[in-house]
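Biologist: I have a fold in front of me. Walk me through how to read its sheet and helices.

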Amino acid sequence: MSAQTDTPAAVTTVYRVTGMSCGHCEGSVSGEISQLPGVASVKAVASSGEVTVVSAAPLDDEAVRAAVDEAGFELAGKA
């Protein structure tokens, strides 16, 4: 048996997203990004516009941009 644990190989990336203003916005962005392959966790903070993503490997920026766009917001780049 194996247990799921955080590994040192995990990649943490902080993105800047414009237009988030509330908890619902955070949930929308987090929900879309969390569906990308390899994503372990997502934490969006509307007040700072930062979205912290932990993934098994670096994510494709265009895939992240498409997920944020699907949520109705704009990816401004990496923080």
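Modeller: We take the sheet, then the helices, then one residue. Keep in mind that this is a predicted model.

Biologist: In what order do the four strands lie in the sheet, and is the pairing parallel or antiparallel?

Modeller: Strands of a sheet pair through backbone hydrogen bonds, either parallel or antiparallel. Here the sheet is open, its order is 2-3-1-4, and the pairing is antiparallel.

Biologist: Which strands stand at the edges?

Modeller: Strand 2 (39–45) and strand 4 (74–78) do. Each has a single partner strand, so one side of each has no neighbour in the sheet. From one strand to the next, the twist averages 25 degrees.

Biologist: How many bridges join strand 2 to strand 3?

Modeller: Six, with strand 3 covering residues 50–55 and the two strands running antiparallel. For a landmark, find Val45: opposite Val45 stands Glu50 in strand 3.

Biologist: Now the helices. Which strands does helix 1 touch?

Modeller: Helix 1 (residues 23–34) packs on the sheet and touches strand 1 (11–18), strand 2 and strand 3. Its direction makes about 160 degrees with that of strand 2. Helix 2 (residues 61–70) lies across strand 1 and strand 4. Helix 2 runs at about 145 degrees to strand 4.

Biologist: Take Ser30. Is Ser30 buried or exposed?

Modeller: Buried means under 20% relative accessible area. Ser30 has 17%, so Ser30 counts as buried. Ser30 lies in helix 1.

Biologist: With which residues is Ser30 in contact, leaving aside neighbours within four places in sequence?

Modeller: Val42 and Ala44.

Terms used: Residues are numbered from 1 along each chain as its sequence is written. This is a predicted model: local features need pLDDT of at least 70, side-chain atom pairs count only at pLDDT 80 or more; totals for chains, interfaces and linings use all residues. Side-chain values use heavy atoms; hydrogens and water are left out. Two strands pair if DSSP finds at least two bridges between them. Axes are lines fitted to C-alpha atoms, for helices over the stretch in contact, and angles run from 0 to 180 degrees between N-to-C directions. Contact means heavy atoms within 4.5 Å. Buried means under 20% relative accessible area, exposed over 50%, partly exposed in between (1.4 Å probe, protein chains only).
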